[in-house]
Amino acid sequence: MKLYIASSWRNDYYPSVVSALRYAGFYVYDFRNPPSGEGGFKWSMIDENYMDWTPEQYREQLEKNPLAVKQLKNDVEAMKSCDACVLVLPCGRSAHNEAGWFCGAGKKVVVYIPCKQEPELMYGLFDGVATTIEEVIDILNV
């Protein structure tokens, strides 16, 4: 089974989740270290002051910056090629958009909650909510 791990650059659990799922025999797309070998995308690669962008500047970079356009294409292709998504909390908007895409595409989504989080009702839409990596693996194997 091919897995897409949706999370955040700031998520400290992410590397151990990728390792554990690979050890369990899954193919794992790692957005921090994509197969291209080019390294993962961060907005700071475009502009260190990206947090100061106006909405118009943000839209312009999203739609026209070659790095952003290329990474979006890479991530979407990876999503299409994967069988399931593991949403690793805590994470942000992009990861939640990715999980929603998987759900809408009829693909399995598992939410992994390794630490205390604010409850979210809509996680009930997904195929399972796990609090250990072993539970993630069990849900994926069903």
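**Exercise 1. Helix α5 and its two sides**

Find which residues of helix α5 (residues 133-140) are buried, and work out how they are arranged around the helix axis.

*Solution.* Start with the list: in this predicted model, the buried residues of α5 are Ile133, Val136, Ile137, Ile139 and Leu140. Next, look down the axis. These residues lie on the same side of α5, because they cover an arc of only 165 degrees around the axis. A general rule helps here: an α-helix has 3.6 residues a turn, so residues three or four places apart point the same way. Then turn to the other side of α5, where Glu134 and Asp138 are exposed. Finally, ask what covers the buried residues: the cover includes β1, α1 (14-23), β3 (84-88), β4 (108-112) and β5 (128-130).

**Exercise 2. The overall layout**

Describe the order of helices and strands in the protein, then decide whether its radius of gyration agrees with that of a compact globule.

*Solution.* Begin with the count: the protein has five helices and five strands. Along the sequence they follow the pattern β-α-β-α-α-β-α-β-β-α. Now for the overall dimensions. A compact globule with 142 residues would have a radius of gyration near 14 Å, and the 15 Å of this protein agrees with that. Along the principal axes, the C-alpha atoms fill a box of roughly 45 × 35 × 30 Å. As for burial, 39% of the 142 residues count as buried. To see how the chain comes together, take the contacts between residues at least 6 apart in sequence: 54% of them join residues at least 24 apart.

**Exercise 3. Leucine 3 and its surroundings**

Is leucine 3 buried or exposed, and with which residues outside its sequence neighbourhood is leucine 3 in contact?

*Solution.* First place the residue: leucine 3 sits in strand β1. Its relative accessible area is 0%, so leucine 3 is buried, the cut-off being under 20%. Next, leave aside the neighbours within four places in sequence; the contacts of leucine 3 are then Leu21, Phe26, Tyr27, Val28, Tyr29, Cys82, Ala84 and Leu140. One of these, Leu140, is also among the buried residues of α5. For a distance along the chain set against a distance in space, try methionine 79: it is 76 residues from leucine 3 in sequence, and their C-alpha atoms are 8.5 Å apart.

**Exercise 4. Three residues to classify**

Classify methionine 51, valine 76 and glutamate 98 by their accessibility.

*Solution.* Take methionine 51 to begin with. It lies in the loop between β2 (27-29) and α2, and it counts as exposed because its relative accessibility of 66% is over 50%. Methionine 51 and phenylalanine 26 are 25 residues apart in sequence, with 35 Å between their C-alpha atoms.

Valine 76, in helix α3, has a relative accessible area of 27% and is therefore partly exposed.

Glutamate 98 belongs to helix α4, and at 13% relative accessible area it is buried. Leaving aside neighbours within four places in sequence, glutamate 98 is in contact with Tyr4, Ala6, Asp75 and Met79. Valine 76 and glutamate 98 are 22 residues apart in sequence and 8.8 Å apart from C-alpha to C-alpha. Serine 36 is 62 residues from glutamate 98 along the chain, and their C-alpha atoms are separated by 20 Å.

**Exercise 5. The largest pocket and a cis bond**

Find which residues are closest to the centre of the largest pocket, then locate the cis peptide bond between leucine 89 and proline 90.

*Solution.* The largest pocket holds about 1,300 Å³ of space. It is lined by 31 residues, and the closest to its centre are Phe41, Trp43, Tyr58, Arg93 and Ser94. The elements that give two or more residues to this lining are β1 (2-6), α2 (55-64), α3 (66-81) and α4 (93-104). Sorted by class, the lining has 18 nonpolar, eight polar and five charged residues.

For the second part, go to the loop between β3 and α4, where proline 90 is found. The peptide bond from leucine 89 to proline 90 is cis, with omega near -5 degrees.

Note on methods
Residues are numbered from 1 along each chain as its sequence is written. This is a predicted model: local features need pLDDT of at least 70, side-chain atom pairs count only at pLDDT 80 or more; totals for chains, interfaces and linings use all residues. Side-chain values use heavy atoms; hydrogens and water are left out. On a 1 Å grid over the protein atoms alone, a cavity is a set of points where a 1.4 Å probe fits but cannot get out, and a pocket is an open set with protein on both sides within 12 Å along at least five of seven lines; lining residues have an atom within 4 Å of a point. Grid points are joined across faces, edges and corners, and a volume is the space filled by probe spheres set on the points. Helices (H or I, at least four residues) and strands (E, at least two) are DSSP runs, numbered from the N terminus. Ala, Val, Leu, Ile, Met, Phe, Trp, Tyr, Cys and Pro count as nonpolar, Asp, Glu, Lys and Arg as charged, and the others, Gly among them, as polar. Buried means under 20% relative accessible area, exposed over 50%, partly exposed in between (1.4 Å probe, protein chains only). The arc is that of the directions from the helix axis to the C-beta atoms. Contact means heavy atoms within 4.5 Å. The radius of gyration is taken over C-alpha atoms; the globule rule is 2.2 Å times the number of residues to the power 0.38.
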